Amino acid sequence: MKKGLLATLVSAAMIATMFSGAAMAESTGDTEGFQATPEWYAEADLSVLEGKKLGITIQSLQNSYWAGVMTALGEVLDEAGADYNIVACDDSSATQIGQIENFISAGCDLIMAHPSDAAALEDVFADARDKGIKVMCWDDPMENTDVNWILDNHYLGNQIGQLAGEFINEHYDADNKAEVIVIGYPQTKILLEREEGIMEGLEQVADGNYEIVANQAGIIASDAQTAVETTLQAHPDAKVVAGIGAGAMIGADEALNIATGGEIPEDMGVFTTDVTKQQLEQLQDETYPAKGIIGFEGSDEDTARSCASVYAKLIADEITDQNVFRAVVPITPDTVDSIMEGMK
């Protein structure tokens, strides 16, 4: 069984999920498709992958998100008896095109790419499909694919906002409004969509019970920490943070931990997306205010098994929609232990 999987994995938690599972994705807000559920993935028969040749090319394996998920995916494919090769293009379109051409020459049954540049892969993907190879894209709504496995980033942000809104309603009301800090990153379209979704979700659930006192950019943890520390100087009662990624949670947690000396009041909470070990550890640690993460499928193992399920359904011709929106799930202190067990 061929395995080109992860000769060296480098954990870089501070940059790991700058874009995480939506690294280069374009907007999917108007894209037709359907929202997958955990039950939909569970229906897949992974035994159809036995003996199938799979070629998988990823932007980069030099961060903890992709290293963890691809390690888990390799384990799932081993269990299923697949013949697979997982490679990284190191964010080079030319390299990735060459990798896909090699997969075509090798007679792969299925090729999946997490594109460095989706537009650059359209022609080589069309060639693969002409040769009867199933083609899947992770993250971008491409044209020459059988399946695009994508996120609706506005919906993802909406779920972050709703989770934060539920917390606000538990601890605040119209006479005692929560002071909220939103950590976004409007420079990047998909992250702006998440930010706009957060605002929408907050309004849908907690309308009248909160006030946004700051809206700051903070894609990496150090920037988010500085943003929260600066906001607290003007708004010392700000206790709720909603953000667009791992950096927002890690940085906000540190700022609020320092501000409170680790004595976190029950009405203080931080809510974001992405799933890294550091985030989960802070969700487990009562000296940090992390209260909720909207995760992609769940743990590394959950994401890997979901991805393999799409492979199986695709090979079995069980997918009729080109666009499959990834399932998202809330992770809270009540569920974090089980998620941590599935991290790599």
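Which way do V240, V241, A242 and G243 point from strand 9, and are they buried or exposed? I will start there. Keep in mind that this is a predicted model.

Strand 9 covers residues 240-243. V240 and A242 point one way, V241 and G243 point the other way, and all are buried. There is a general pattern behind this. In a regular strand, side chains alternate between the two faces of the sheet.

Now the neighbours of strand 9. Strand 7, residues 178-184, runs parallel to strand 9, and 4 bridges join them. To find this pairing in the viewer, go to V180, whose bridge partner in strand 9 is V240. Strand 10, residues 269-273, also pairs with strand 9 in the parallel sense, over 3 bridges. Here the place to look is A242, which stands opposite F271 in strand 10.

Next, the other sheet I want to show. It is an open sheet of 7 strands with parallel pairing, and the order is 1-12-6-5-4-2-3. Its edge strands are strand 1, residues 34-35, and strand 3, residues 83-88, each of which pairs on one side only. For strand 3, the partner is strand 2, residues 53-58, in a parallel pairing over 6 bridges. In that pair, L54 stands opposite Y84.

On to the helices. Two packed helices are described by the angle between their axes and the distance between the axes. I have three pairs.

The first pair is helix 3, residues 64-80, with helix 11, residues 300-315. They pack at an angle of about 55°, and their axes are 8 Å apart. How are helix 3 and helix 11 placed relative to each other? They are oblique, because an angle of about 55° is neither under 35 degrees nor in the range from 65 to 115. The crossing is right-handed. Helix 3 brings residues including Y65, V69 and L73 to the contact, and helix 11 brings residues including A304, C307 and Y311. By type, the contact residues divide into 10 nonpolar, 2 polar and 4 charged.

The second pair is helix 8, residues 221-234, with helix 9, residues 246-260. The angle is about 40° and the axes are 7 Å apart. Helix 8 and helix 9 are therefore oblique to each other, and helix 8 passes helix 9 in a right-handed crossing. Among the residues in contact are A224, V228 and L232 of helix 8, and G247, G251 and A255 of helix 9. The division here is 11 nonpolar, 3 polar and 2 charged.

The third pair brings helix 9 back, now with helix 10, residues 277-284. The angle is about 40°, with the axes 10 Å apart, and these two helices are oblique as well. Their crossing, however, is left-handed. A246, M249, I250, D253 and E254 in helix 9 meet Q278, Q279 and Q282 in helix 10. That contact divides into 3 nonpolar, 3 polar and 2 charged residues.

One last residue, this time from a loop. N209 lies in the loop between helix 7, residues 189-206, and strand 8, residues 210-217. Is N209 buried or exposed? N209 counts as buried, because its relative accessibility is 16% and the cut-off for buried is under 20%. Leaving out residues up to four places away in sequence, N209 touches I168, N169, Y172, D173, A174, K177 and A178.

That is the tour. Questions are welcome.

Key. Residues numbered from 1 in each chain as written. Predicted model: local features only at pLDDT ≥ 70, side-chain atom pairs only at ≥ 80, totals over all residues. Heavy atoms only, no water. Pairing = 2+ DSSP bridges. Helix = DSSP H or I, 4+ residues; strand = E, 2+ residues; numbered from the N terminus. Axes fitted to C-alpha atoms, helices over the stretch in contact; angles between N-to-C directions. Left-handed = near helix turned anticlockwise from the far one by under 90°. Contact = heavy atoms within 4.5 Å. Nonpolar A, V, L, I, M, F, W, Y, C, P; charged D, E, K, R; others polar. Buried < 20%, exposed > 50% of the residue type's maximum accessible area, 1.4 Å probe, protein only. Parallel < 35°, antiparallel > 145°, perpendicular 65-115°, else oblique.
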